[in-house]
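Biologist: Let us go through this model together. I will ask how each label was earned.

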Amino acid sequence: MTSLPTTALVSPALPAAPRVGERLGRYTVERVETLPEMQGTLVLLSHELGARHAHVIRDDDNAAFAVTFPTVPKDSTGVAHILEHIVLMGSQRYPVPDPFFAMLPRSLNTFMNAMTSNDWTTYPFSTRNEQDFFNLLGVYLDATFFPLMRYESFRQDGHRFEFQTPEDPTTPLKLQGVVYNEMKGGMANPGSVMWRAFGKALYPDLTYANNSGGAPENIPELTYENLRAFHAAHYHPSNAFFYTYGKLPLERILDGIEAHVMSRFERQVLDVSIPDQTPFTEPRAERAEYPGTDTERGSQVSVLWKLGLSSDADANLRWSVLSDVLLGNAAAPLTRPLIESGLGAGLADLSGYRDSFREGAFAVGLKGLGAGQVQAVETLVLDTLRAIVQGGIAPELIESSLHQFEIGQKEVSNAGYPFALQVMFRMLGPWLYGGDPLTGLRLDAELERLRADLSAGRVFETLIEQGLLNNPHRVTLELAPNPELAARTEADEQALIDRLSADFTDEDRARVVAESLRLKELQAQEHPLDTLPTLSLSDVPPSVPRVPYRTEDAGRALIARIAQPTGGLTYLDVQVRLPDVPEDLLDALPLYAFAVTRGGAAGQDYAELSRRMEAVTGGVSASVSAGVRPDDLNALRLSLSFSGKALARNAPALTDVIRDLLAAPEFTRDRLEQLLRQRLAGLKASVVQSGNAYAERLAGAQVSPAGVLGERFGGLSALNTLKGIVEGQPGAEETGAGQEGGISGLDDLLARFGRIRDLILTGTPVLALTATEDDLNLDLGGITGLFTGSAPVGRPAPATAPRTPQARTTDSPVAFNAVAFQTVPYAHPDSPALLVLSRLLRSNYLLKEIREKGGAYGGAASFDTREGVFAMSSYRDPNIARTYRVFRDARAFLDTPLGQRELTEAILGASKVLDPLTSPDTAGRMRFYSDQAGYTPEVQDAFKARLLAVTLDDLRRVMDTWLTPERAAYAVVTGRDPNDDTLKELGLTFDVQGV
Ligand SMILES: [Zn+2]
């Protein structure tokens, strides 16, 4: 191996911070603060026009930008959300329909998005390429400050009338629009309904009482004029918060913003302040409903409190710590009695401290409830809190939570969000609400005060008494399923359409037809994208990063030691390659992985073990995965992996925890039942949220051996297996998932868990230890010594499911459509072309046909290079047959005029898949495990070389070869039986089952 990287973080190339008071153009440097934990510097500036700018100097190749506007809607027409969509649909300098989506493939960004929260809207991106940074900066500034906001855009993404057959005014009138459909889907999702109801219940007089995303019944009230006025008022430098991060020169960035934006505006005054909510004099009860049929276990009850200002740094820290003390793990003093009450399956959504309102909130409750449990949950919550105050909180619990804080402050990881943007989201709350943004990043003073107060007396018990028990600003909120709501919503929509069109004249109808045709015409127009900046293929790094590590053999085990600047954290991964897993254990494997870190071990029950993990680790998780060899799609390898992290001083204790979980996990019947109920509730909720992923897995299982396992481990079959165990139904017989080995109940499952544990210890362990060089000599013998038996690794590929179009019906007003094809393994020469094809179809075809024309929230193509599955899918889609026609016509699209630009963009997009954003915690272990699985740098570079040389003819050829109707498998997750004549014409007859 080559030499190890040094742990020094400060490179000489890092620009110096400006001085306080220094003028940079019309900007003034207000503050400069060091950020010791993350080895960075925060610079706060203000502009003459009133704009605020926060710049973080940090030695990170991934640079970031965001502009955020406080947006405080006064109604539920969704104006802020619709505006977020519209500003991305063409601007003065870039007058193309979708500059944002058009930039996706012209850039090597590591993050691009726009988000509307309940009181702000933000436009963030990050990239590792300097040219790309300034390209995207120009596009983002032009989009947000100088959008065209065309009337047609408003109609396409906001709302519009359209006849069912757009050119025929005698067909029924419909309401359409991307946001309109997005929110119809959103309001069918219990999590979203809960979030809206939460704000409305606790802050009924404030902006939070509105649905900032837009309530479907109110969206049609939004006028084009209101939209433009909202933009003029809010998207103005005087109301803007800019954020930049990285090591690019600040002055060059500020000059760009000045020239492009600031120089073209006058100062303007806008009051976006949110007043205090008038306190309640006594507690209230509220109820919300979502469309659902699970009246047995579909309800949630949560008790909510309004707290003080979330910008108060001391209070914010204390509530965050208290929230973790009370609810941070399974044994926590509030969690455990709630769960062990047996009333519900898990904690209610949004439980814990929430600082995403100007005045903070605390919530706790249960979900997975039947009807009529409101009083029982409220009493249980209040009694438990009283008991906690009375008994006092053990100091060890507070220490454990403070320890979790220490990990959070030290960790530098791109997991989830790029770290470059995590920094902004940490400071955004206090910054926008008028507090000190630094407190989001540096809490040393507040921590010190907290420690001093803790040594002087009861801090958190008093906080519970004053903030919760004696606080009359409390709401007990019930969220319940209503089986009639879906039908009623549909009837209400029809009534709304009838009312709005009651006095439509023939001219009005003609206008609707004309506007529909005009929109269609515009959508069909080709727009030269030459105005948009772009990168070229020479910007793609030709080879993947070689991250050094050293390996050693330890008996049957292989260990990699990886030196990385981890900020003082140690990461340990133990991947156990399993021997041939008997058929009847397969369905139990993902349940084992879920339960093993949540049960007990080595003589400790689950509560003791979870307290131990909280005290010495930053979390330990387990997962099961199926790996595929680069040259053979049928060569599958199953692994069970444990991953954990800890402060370096606790690394030996982390090793002990993982050893105990491997060798001596303990499951009790009661605890397992609780866990399975929680998992079932979570999976059920995810179906309407991620229906496209479920549909893709259902289709994938019909074409790919790895897909079969994907479906059994994480698809609707897994859900059915679980339902069979928990609800005592005959285990998943209908899906064919459990055929012979159907798990008949808890005792049966427990017996299988015992066999899985034994099986694991006959596997082959492959360990990755990531830490700073000084902390790499950790003794891992306690783990490697467990593996004594020996068994052959690998398993024969499972047979794919019969090739029949599958439909699964659930409580969803919209559909998720998918088609999947089995193609070729990674090392096959056609694999890079398939990856490029997926990018081309996604950006240039499906987005337009399914989202813009079809009114779905999303449409995508993807190619899993390792599993060899090519898929097309749609998300929150009002159509089924139409979308399958779009999928089918993808080949014809390849014969339309396509040029070098489209190809280059698709290749750029594909190359991003090969160069994922890594961070010190992931870079080395990803390299090591890829090497172990046969995806060495040489194999990956060869793939890349072929990728960069893909031609349009290659795309047509691989499509004709691999994506043929005979190789296709279809699946849809939807609200009703999809079979109709139009689908029959397409040759599709779906086998329909309930979820
Ligand atoms: Zn949206």
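Biologist: Which helix holds H81 and H85, and how many residues apart are they?

Modeller: This is a predicted model. H81 and H85 both sit in helix α1, residues 79-87. They are 4 residues apart, about one turn of the helix.

Biologist: What makes H81 and H85 donors of the zinc ion?

Modeller: A donor is an N, O or S atom within 2.8 Å of the metal. The zinc ion is coordinated by NE2 of H81, NE2 of H85 and, listed twice, OE of E182, at 2.1 to 2.6 Å. That range lies within the cut-off, so they count as donors. Along the chain their spacing reads H-x3-H-x96-E.

Biologist: Why is the site of the zinc ion called irregular?

Modeller: Tetrahedral needs all angles between 85 and 135 degrees. Square planar needs opposite donors over 155 degrees apart. Here the angles among the 4 donor atoms run from 54 to 152°. Neither definition is met, so the site is irregular.

Biologist: Are H81 and H85 buried or exposed?

Modeller: Both are buried. That label means under 20% relative accessible area.

Biologist: Now the sheet. Why do β18 and β22 count as edges?

Modeller: The 6 strands form an open sheet, ordered β18-β19-β25-β20-β23-β22, with mixed pairing. β18 (550-554) and β22 (620-629) each have a single partner strand, so one side of each lacks a neighbour in the sheet. From one strand to the next, the twist averages 20°.

Biologist: How do you know that β18 and β19 pair?

Modeller: Pairing takes at least two bridges. β18 and β19 (residues 557-563) have 5, in the antiparallel sense, so they pair. T551 stands opposite A560 in β19.

Conventions:
Residues are numbered from 1 along each chain as its sequence is written. This is a predicted model: local features need pLDDT of at least 70, side-chain atom pairs count only at pLDDT 80 or more; totals for chains, interfaces and linings use all residues. Side-chain values use heavy atoms; hydrogens and water are left out. Donors are N, O and S atoms within 2.8 Å of the metal (3.2 Å for Na, K and Ca); water is not among the atoms, so sites may look incomplete. Four donors count as tetrahedral if all angles lie between 85 and 135 degrees; four count as square planar and six as octahedral if opposite donors are over 155 degrees apart and all others between 65 and 115; anything else is irregular. Helices (H or I, at least four residues) and strands (E, at least two) are DSSP runs, numbered from the N terminus. Buried means under 20% relative accessible area, exposed over 50%, partly exposed in between (1.4 Å probe, protein chains only). Axes are lines fitted to C-alpha atoms, for helices over the stretch in contact, and angles run from 0 to 180 degrees between N-to-C directions.
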